[in-house]
Amino acid sequence: MVVLAELEIFCSRPHAPTRRVALGEIDLPCEPAPGFGGVLLAGIVAEHVGAIDPDHLPDLARLTRELEDGRRIPQPRLRHRLQVDTVGLNAVSHRLHGDGERLWFQFGDGGAPEQQVLGAVYAAGRLEPGARHSVMSSLRRATRWVGPVGTDFIGVVAGGARGTSFDHMALENPTAWAMTVMGFGGGGATTLVAPPPRDVVRRYRELLREAHPDHGAADEGAAQRIADLAEARRILTGG
């Protein structure tokens, strides 16, 4: 097991006279975007946004746009003030773990839901412009998520469809993952050239037939295999 991304958020105590939030340790790799870091930030948002007053959601959406554009951010937002000083604040750590075959979240306890969501959004605002757009899009997608924040969520927030098994390789090197799924090789190579689209479509149809229960494949795992093939086809053909 390895920690793939981590974010530390400092929160004011529940009965403090002022509501404050600050950022601590940040380890958010986002290449290729949204990367492990973007998935963690989106997971934090999805885990806590349901407990936020719905009246605050329009301001949250505006905040993501303002940070995405690199604008100056008026304070407070969602009734909480961002600060640099962490003295007197309590730390909450969130992590994305992986073991090569699967990914899972470890969300820390403490602080208000608004503080966790704001921490994730402000951390996304610190990313390089090239990654910021993709990650902010993932965060906005996370605000609309319904259901457990687990495997399906990771697949969708990473740009796939529900049911796609986005594992460690799929986020680290989508092309390598897709080529492996389609039987073109890959194996984790860092520089790969996708086959011509016509070859990808031909291979997709062959493998889809083999994976479908109507053609003799086992029912168990068929839906997942078909979803993975469709996502691999999308990655390799660009649409």
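**Salt bridges and side-chain environments**

At a relative accessibility of 23%, Glu-6 counts as partly exposed, because this value falls between the limits of 20% for buried and 50% for exposed residues. The model examined here is a predicted one, and the description that follows begins with its charged pairs. The structure holds nine salt bridges. In one of these, the side chain of Glu-6 meets that of Arg-95, with an N to O separation of 3.1 Å. This pair ties together distant parts of the chain, since Glu-6 belongs to strand E1 (residues 2-11) and Arg-95 to strand E4 (residues 90-98), with the two positions 89 residues apart in sequence. Arg-95, like its partner, is classed as partly exposed, its relative accessible area being 23%.

A further salt bridge is formed by the side chains of Arg-140 and Glu-68, for which the N to O distance is 2.8 Å. Here too the pair links distant parts of the chain, with Arg-140 in helix H4 and Glu-68 in helix H2 (residues 57-68), 72 residues apart. Helix H4 itself spans residues 129-143. Both partners are buried: Arg-140 has a relative accessible area of 10%, and Glu-68 has one of 14%, so each lies under the 20% cut-off that defines the buried class. The two side chains also make a polar contact, again at 2.8 Å. When residues up to four places away in sequence are set aside, Arg-140 touches Thr-64 and Arg-65 in addition to Glu-68.

Arg-102 and Asp-99 provide another example, their closest N and O atoms being 3.4 Å apart in a salt bridge. Both residues are partly exposed, with a relative accessible area of 46% for Arg-102 and a relative accessibility of 39% for Asp-99. Elsewhere, salt bridges that share partners connect Asp-59, Arg-62, Glu-66 and Arg-77 into one network.

Attention then turns to strand E5 and its partner. Strand E4, which contains Arg-95, runs antiparallel to E5, and the two strands are joined by four bridges. In this pairing, Leu-96 stands opposite Phe-105 of E5. In a regular strand, side chains alternate between the two faces of the sheet. Such an alternation is seen along E5 (residues 103-106), where Leu-103 and Phe-105 point to one face and are buried, whereas Trp-104 and Gln-106 point to the other face and are not buried. The residue facing Leu-96 across the strand pair, Phe-105, is thus one of the buried residues of E5.

The last site considered is Arg-203, which is located in helix H8 (residues 197-211). With a relative accessible area of 24%, Arg-203 is partly exposed, because this value lies above the 20% limit for burial. Apart from neighbours within four places in sequence, Arg-203 is in contact with Met-182, Gly-183 and Phe-184. Its side chain reaches the backbone oxygen of Gly-183 at 3.1 Å. For Phe-184, which is 19 residues from Arg-203 along the chain, the separation between the C-alpha atoms of the two residues is 9.0 Å. The arginines described above therefore include the buried Arg-140 as well as the partly exposed Arg-203. Whereas the side chain of Arg-140 is paired with the side chain of Glu-68, that of Arg-203 reaches a backbone oxygen, namely that of Gly-183.

Note on methods. Residues numbered from 1 in each chain as written. Predicted model: local features only at pLDDT ≥ 70, side-chain atom pairs only at ≥ 80, totals over all residues. Heavy atoms only, no water. Buried < 20%, exposed > 50% of the residue type's maximum accessible area, 1.4 Å probe, protein only. Polar contact = N/O pair within 3.5 Å; in protein donor to acceptor, adjacent residues only side chain to side chain. Contact = heavy atoms within 4.5 Å. Salt bridge = Lys/Arg side-chain N within 4 Å of Asp/Glu carboxyl O. Pairing = 2+ DSSP bridges.
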